[in-house]
Amino acid sequence: MTKLTLLAGLFVCAALTAPDAVARKDDVAGYSADRAELAASLPVRIVVRNSRVRPQIGLDHRPIAGEVPRPFQAGVSNAVLMAGGGLLPVLAAVAAERKLMRNRVEENFAVIQSAGCDLRIDESLPAAVSAAVRRSNWGATTPIDTVVAEGGSLSKAVDQDRPRQVLSLSSSLAPDMEALVTTLELQAYAPTEGASRWQREPVWRDELIVVSDVVEVASKTQADIDRLVAQEQARYQATGNAEAIGKINAQRGGDRFERKRVLSLQQEHERAMKDAQSSNWSLEDIKRQRAAGWGENKCARMLTAVEQAGSDLGKMLDLLYARQMPQRLGAKDAPVSDDINGRHPHPLPGGAYVYRVDYDPVPLGYREDLLD
């Protein structure tokens, strides 16, 4: 392997996993009871980062609690390393991978949008957060307002030169469409003793995450296999590719570009047939079924998930402000495992909390990698 190829491989790993924003300080303390008086003096601004539910793409991963990025990313870089050829092929591979991922996400999310189930969150979730602030022992009369930033910078949505509490909200579908993931990040800024950069360095910071109930997909049956095989055979026959291959063979070669075109279609058909004949659903099949599930019964599943997000955020805020959350974990602390039945808050290394069932596999690192 050449040095240039090795560097190219390292580049693709960075390109596929680099977060959109600069890493933050991990040593900021969370809210504590002795901050109640200060909290009461700080106006609260709720910033909605996306007014509607949006899908996560699943490419740019921000590390959280030791979570490992999705395995397909390593596969892309390995393929590039195997191929060699320097930086330009790497750039082309990265661009192609990103385009493919975005196209697949757009196709699946279009099913949800066409059903009108890309629900608005800019009223119900801020209302749930505001109600929790009012229930706290300091927030009865604290000024609260809400602004929609729609993917924009927090610095543009909030005056950076005034003392404040910033509560930023976002809600998005996990990359495999399996759950709605909602995030509330709380940051307080005030000129306290020794805080020379108080405008930009928070006095406290907390991160609360809610993962909805997961969309389950039924096992693949023989009837499913027969139906998918028939559909793929009909699709391929309609392309006329088999006849085109026959003509090229009759011409003993034919045009080079035409050979490449028909070969690509044939390989696509072979992959599709392999997926159709498999006893297990492919990941893309699972995503499509989940997308359809979010849009069924007049968006019933999505309505429940958004309602669940507001309810669970309210519960976590009540616990946070009453100092009844599980013990906060530092960045270097080991994860805590438990077997409490039902949904409840789990502490994560780094100070975040996630409300979900035990052993939930839904990834948390793609919450900022959203489809435009």
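A residue counts as exposed when its relative accessible area is over 50%, and as buried when that value is under 20%. With those cut-offs in hand, the structure, which is a predicted model, can be walked through piece by piece. The protein is built with ten helices and eight strands. Of its 372 residues, 45% count as buried. Contacts reach far along the chain, too: among those between residues at least 6 apart in sequence, 75% join residues at least 24 apart.

Helix α8 is a handy place to see the split between inside and outside. The helix covers residues 241–250, and its buried members are Asn 241, Ala 244, Ile 245 and Ile 248. Looking down the axis of α8, these buried residues fall within an arc of 100°, so they line one face of the helix. On the face turned away from that buried side sit Lys 247 and Ala 250, both exposed. And what covers the buried residues? The cover includes helix α7 (222–239) and helix α9 (256–277). After α8 comes Arg 252, with a positive phi near 55°.

That backbone angle deserves a short detour. Most residues other than glycine have a negative phi. Besides Arg 252, a positive phi near 55° turns up at Ala 65 and at Lys 298. Their settings can be described in turn. Ala 65 belongs to the loop between strand β2 (54–55) and helix α3 (72–83). With a relative accessible area of 32%, Ala 65 is partly exposed. Lys 298, on the other hand, is part of helix α10, and its relative accessible area of 76% makes it exposed.

Helix α10 also takes part in a cross-link. A disulfide is a covalent bond between the sulfur atoms of two cysteines. The structure holds one disulfide, and it joins Cys 117 to Cys 299 with an S to S distance of 2.0 Å. The two partners come from distant parts of the chain, 182 residues apart: Cys 117 is in the loop between α4 (87–114) and α5 (124–135), while Cys 299 is in α10. The torsion about the S-S bond is about -80°, so this disulfide is left-handed. Are the two cysteines buried or exposed? Cys 117 has a relative accessible area of 0% and is buried. Cys 299 counts as buried as well, at 7% relative accessibility.

Further along helix α10, which spans residues 283–321, lies Ala 305. This alanine is buried, at 5% relative accessible area. Leaving aside residues up to four places away in sequence, Ala 305 touches Leu 180, Ser 212 and Trp 294. Ser 212 is 93 residues away along the chain, yet the C-alpha atoms of Ala 305 and Ser 212 are separated by just 5.6 Å.

Next come the empty spaces. Rolling a probe the size of a water molecule over the atoms shows where empty space is left. Searching the whole structure this way gives two cavities of 30 Å³ or more. The second largest cavity has a volume of about 30 Å³. Which residues line the second largest cavity? They are Gln 56, Arg 104, Val 105, Asn 108, Pro 175, Met 177 and Lys 287. Helix α4 gives the largest share of this lining, three residues. By type, the lining of the second largest cavity divides into three nonpolar, two polar and two charged residues.

There is open space to look at as well. The second largest pocket holds about 1,000 Å³ of space. Its lining is made of 30 residues, and those closest to the centre of the pocket are Arg 104, Asp 275, Ser 282, Glu 284 and Arg 288. Helices α4, α7, α9 and α10 are the elements that give two or more residues to this lining. Sorted by type, the residues around the second largest pocket come out as nine nonpolar, seven polar and 14 charged. Arg 104 appears in both descriptions: it is one of the residues lining the second largest cavity, and it is also among those closest to the centre of the second largest pocket.

Note on methods:
Residues are numbered from 1 along each chain as its sequence is written. This is a predicted model: local features need pLDDT of at least 70, side-chain atom pairs count only at pLDDT 80 or more; totals for chains, interfaces and linings use all residues. Side-chain values use heavy atoms; hydrogens and water are left out. Helices (H or I, at least four residues) and strands (E, at least two) are DSSP runs, numbered from the N terminus. Buried means under 20% relative accessible area, exposed over 50%, partly exposed in between (1.4 Å probe, protein chains only). Contact means heavy atoms within 4.5 Å. A disulfide is a pair of cysteine sulfur atoms within 2.5 Å. On a 1 Å grid over the protein atoms alone, a cavity is a set of points where a 1.4 Å probe fits but cannot get out, and a pocket is an open set with protein on both sides within 12 Å along at least five of seven lines; lining residues have an atom within 4 Å of a point. Grid points are joined across faces, edges and corners, and a volume is the space filled by probe spheres set on the points. Ala, Val, Leu, Ile, Met, Phe, Trp, Tyr, Cys and Pro count as nonpolar, Asp, Glu, Lys and Arg as charged, and the others, Gly among them, as polar. The arc is that of the directions from the helix axis to the C-beta atoms.
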